[in-house]
Amino acid sequence: MAAEPPPGGSTQVFERKATGLRREASAGDVFIYNTNNQNIGIGVTFIVLLVPALYVGGSMIWSTILAGLLALPMAAVYAYFAAVMPRSGGDYVYIGRTLHPFLGFLASWNWVVWLITYTGIPAAYLAQYGLSGLCRELGYVFDSPRLVGYGDDFTRKWWIFTAGTILLILFALVFAYGTRLYFRIQNTTFAIAMLGVVIGIVVLAVKGHSDTTSGFNAYISGLGGPHDAARVVSTSSGNYHQAGFDLRHTLEAMVWPLFITLYAITSSFIGGEVRNARRSQFLGMPGSIVYVTIVMLLLLVGLAHAAGSAFLGQLGLADVSKLGISSTPTYNELIAAMVHNQGWLVVILGVSFVFWTYVWLPINFLAATRAFLAWAFDGLFPPQLKTVSNRATPVVAIAVVWVLSEVCLYLYVDGIFNTLNGIWAWIWSFVLCSIAAMVFPYRRRDLWQASPFNGSTLGIPNITILGGVSTACLLFCEYWFWVDPIQGYDTWGTTLRWVMVLIIPTAALVYGAAWAISRRSGVSLDKVFAEIPPE
């Protein structure tokens, strides 16, 4: 039954028994968690390889600045909700307790479809972008054709799938052992990854175009390729030359840095495990966007200075088989080529970059398990999914996410799923959460008044204004994800379109079935959704 009103007369929200999770995540853990989920290394890799080559006249710098600015209002909305309702489950809680329970479940169902999809895809990135480049770099340093050959092997389908499967199993075991272990691993590998970024920024600051050309020639030659690799890149790209600034192409190119900056909000799913939610979530969400945007800009400005947009465009378009390698070198390999005569730096750059390639995997994996946990506690999913071990981990949910992620890994490796294809559908959950923020002071006035963020401007609650700005920014982003010539609507395959179409009816089917079953059992879901979920 509900709690009695306190002496002041205001009604407290009823809270059910505890989930069994522990508040183990510090502000630093949350900041690194969200910074990793934006993924500086993979973000810069995509921007450098794709924007100069495919969005002629598009600016890497301005597209990244715009992406950071457009993502900030949404991150502030999620941080606000995470501070006011510090529970696990993310916008399932925020939307469901503000707008309507079904809308909360629909947004969360949509989230989980793409969380699991993007748990499987980055499992492939470990081999595709990380181990392939590392083996080439080690092969160059140690003059080992065998290692260079392994670099080519890690770009092949079953090598990618096998490495990804091993990684998924590893993180399933880590999460079963406990989130504290995960955060220790996360923080250590983040420090190593950032060491490589700092070294890269310094190298780019002191190198120029001639260093890039001579270094690239020496590096490719050392891998067994041609001695004039830079010229081969130029001719095989059709002697590509960068055009002047083009605003439309810059806005189209913005989808790639948006793929990074829009995902500083995933710590909302572990809200019930975060200490000092107000401080931790604001530092971890808007704070991490500012940090990631600045670091990416430093790398992009450095690459434009040291290599030039024209060379980057040529490299993105080049037929790399003429270089004697099986995949286009990442920006990290390009920096390593600039210091090719300092083997220890090449090794550090190669090893550190590996720790960027897969980091979406554990973050999305963990978030998906917390969504299953929240659904099970509300009675929408079988109670087994809320089973928590004596290590405070939802072991059944972990097993379910692992199996589904394996399927998505295969679909990516087999070419059925692509990198950006699901983002347009995913963003609609963010839009719903922003709309919930707009009406929150009117729909949940008790919680709004009790929160530390209950200020108004000209009589309009500040969170309402923020939600409106966030909604407008997200709709602007949606337009460009739709029309993007590289990954937009026209490029979506039949399988992906069916996945998107089925999200709403499948969510309605699951929700309706849970509602009917609960009524037959004598449980009122209305009362369940009137409560803040348990800690």
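Arginine 97 and aspartate 378 join their side chains in a salt bridge, 3.1 Å from N to O. The two residues sit 281 positions apart, so this briefing starts with a link between distant parts of the chain. The model is predicted. It holds 9 salt bridges.

**Salt bridge: arginine 97 and aspartate 378**
- Arginine 97 lies in the loop between helix H4 (91-96) and helix H5 (101-141).
- Aspartate 378 lies in the loop between H18 and helix H19 (395-413).
- Both arginine 97 and aspartate 378 are buried.

**Salt bridge: lysine 157 and aspartate 414**
- These side chains meet at 2.6 Å, N to O.
- Lysine 157 is in helix H7 and aspartate 414 is in the loop between H19 and helix H20 (423-443), so the bridge ties parts 257 residues apart in sequence.
- Lysine 157 is partly exposed at 31% relative accessible area, and aspartate 414 is partly exposed at 33%.

**Salt bridge: aspartate 29 and arginine 180**
- Their closest N and O atoms are 3.2 Å apart.
- Aspartate 29 belongs to helix H1 (residues 27-38) and arginine 180 to helix H8 (residues 179-206), 151 residues apart.
- Aspartate 29 is buried at 3% relative accessible area, whereas arginine 180 is partly exposed at 25%.

**Helix crossing**
- The axes of H7 (residues 157-177) and H18 (residues 360-377) come within 10 Å and cross at roughly 50°.
- H7 and H18 are therefore oblique to each other.
- The crossing is right-handed.

**Surface patch**
- Tyr442, Ile460, Ile465 and Val469 form a nonpolar surface patch, with about 350 Å² of accessible area together.
- Isoleucine 465 lies in helix H22 (residues 462-483).
- Isoleucine 465 counts as partly exposed, at 36% relative accessibility.

How values were computed. Residues numbered from 1 in each chain as written. Predicted model: local features only at pLDDT ≥ 70, side-chain atom pairs only at ≥ 80, totals over all residues. Heavy atoms only, no water. Patch = residues over 30% accessible without salt bridge, like charges linked within 9 Å, V, L, I, M, F, W, Y side chains within 5 Å. Areas by Shrake-Rupley, 256 points an atom, 1.4 Å probe, with all protein chains shown as cover. Salt bridge = Lys/Arg side-chain N within 4 Å of Asp/Glu carboxyl O. Helix = DSSP H or I, 4+ residues; strand = E, 2+ residues; numbered from the N terminus. Buried < 20%, exposed > 50% of the residue type's maximum accessible area, 1.4 Å probe, protein only. Axes fitted to C-alpha atoms, helices over the stretch in contact; angles between N-to-C directions. Parallel < 35°, antiparallel > 145°, perpendicular 65-115°, else oblique. Left-handed = near helix turned anticlockwise from the far one by under 90°.
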